[in-house]
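Reader: Hey, can you walk me through this one? I'm new to reading structures, so plain words please.
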Amino acid sequence: MRKDYSPVPLDPAHLEQDPFLQFAKWFDQALEFEQMEANAMIVSTCDLSLRPSSRVVLLKSYSREGFVFFTNYHSKKGRDLTANPNISLLFFWPATMRQVRIEGRAHKAEEAISEEYFSGRPRESKASSALSRQSEPLFEKEQFNDNVKNLIESDQEILRPTHWGGYVVVPVSFEFWQGGIGRAHDRYLYKKGPKGWNISPLYP
Ligand SMILES: Cc1cc2nc3c(=O)[nH]c(=O)nc-3n(C[C@H](O)[C@H](O)[C@H](O)COP(=O)(O)O)c2cc1C
């Protein structure tokens, strides 16, 4: 498992001052070099008892407004975020030996955004999202599968349930980690200050 990485060191002279631009640069390279789901990110939330939990979701879009993913608002993560909107996103891109950590706060996306995304989904995904009680115990899996199948095969229009939609994560910090040869890893932390983003290198 232990190997030396031979990626390009993260030269501070080439670091974007704007973390969204730095993210865009790395994300585009991840899309090019990663074999699978470069947009998969680990989302961590924390409930009111301060117990953290993590799961993978797919990043569907990002802009200066925030990072957007879609889910069931009644799910475990949805319940956590209602109680505590603090959230962290983590990308691991092994092909380029990079990690990006983003911390911030999540709010629900505008209905129109969720509506637009849902309407473009395949009918199978729509049916599953419409009928799934995500994160609740499932005792009758066959019944659920039959219901999904019947809905897919019906003529019925599948509408977005109001408990399904997007979250927008507004970052307060980014950390870019570049694995280096001989464990000489580079790390840069961007923190949002009153006058913009402050960048500091971190010990590896
Ligand atoms: C590659 C991958 C992509 C996933 N994408 C999503 C997603 O975009 N939205 C989502 O709700 N769940 C997604 N999941 C499922 C979640 O990891 C998780 O099982 C589900 O959201 C329930 O999480 P919760 O109980 O913590 O709320 C994905 C899982 C994997 C492995």
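Reader: Let's start with the ligand. How far is its oxygen atom from an N or O atom in the side chain of S75?
Author: That distance is 3.3 Å. It falls under what's called a polar contact, a pair of N or O atoms within 3.5 Å; within protein, one must be able to donate a hydrogen and the other to accept it, and residues adjacent in sequence count only if both atoms are side-chain atoms. Keep in mind that this is a predicted model: local features need pLDDT of at least 70, side-chain atom pairs count only at pLDDT 80 or more, and totals for chains, interfaces and linings use all residues. Also, residues are numbered from 1 along each chain as its sequence is written, and side-chain values use heavy atoms, with hydrogens and water left out.

Reader: Ok. And what do K76 and K77 do around the ligand's oxygen atoms?
Author: K76 comes in with its backbone: an N or O atom there lies 3.3 Å from a ligand oxygen. K77 uses its side chain, where a polar atom lies 2.6 Å from an oxygen of the ligand. The protein covers 63% of the 630 Å² of accessible area that the ligand has on its own (areas come from the Shrake-Rupley method with a 1.4 Å probe; for residues, only the protein chains shown count as cover).

Reader: Which other residues are around the ligand?
Author: Among them are R55, V56, V57, L58, F70, T71, Q134 and S135. To be near the ligand, a residue needs a heavy atom within 4 Å of it.

Reader: Which element gives the most to that shell?
Author: β2 does, with four residues. β2 (52-58), β4 (66-72) and α2 (76-83) each supply at least two residues. Those names come from DSSP runs, numbered from the N terminus: helices are H or I with at least four residues, strands are E with at least two.

Reader: New topic: how many helices and strands are there in the protein?
Author: Five helices and nine strands. The C-alpha atoms fill a box of roughly 60 × 40 × 35 Å, taken along the principal axes.

Reader: How do β5 and β6 pair?
Author: They are antiparallel, with eight bridges between β5 (residues 86-93) and β6 (residues 98-108); strands pair if DSSP finds at least two bridges between them. I87 stands opposite G104 in β6. The two strands form a hairpin with four residues between them, and M97 in the turn has a positive phi of about 50 degrees.

Reader: What else does β6 join?
Author: Strand β7 (residues 164-178), running antiparallel to β6 over eleven bridges. R98 has Q178 in β7 as its bridge partner.

Reader: Last thing, pockets. How much space lies in the largest pocket?
Author: About 310 Å³. On a 1 Å grid over the protein atoms alone, a pocket is an open set of points where a 1.4 Å probe fits, with protein on both sides within 12 Å along at least five of seven lines; lining residues have an atom within 4 Å of a point. Points are joined across faces, edges and corners, and the volume is the space filled by probe spheres set on them.

Reader: Which residues lie nearest its centre?
Author: F70, T71, R121, Q134 and W164, out of 15 lining residues. F70, T71 and Q134 are also among the residues around the ligand.

Reader: And what is the volume of the second largest pocket?
Author: About 220 Å³. Helix α5 (residues 141-153) gives the largest share of its lining, three residues.
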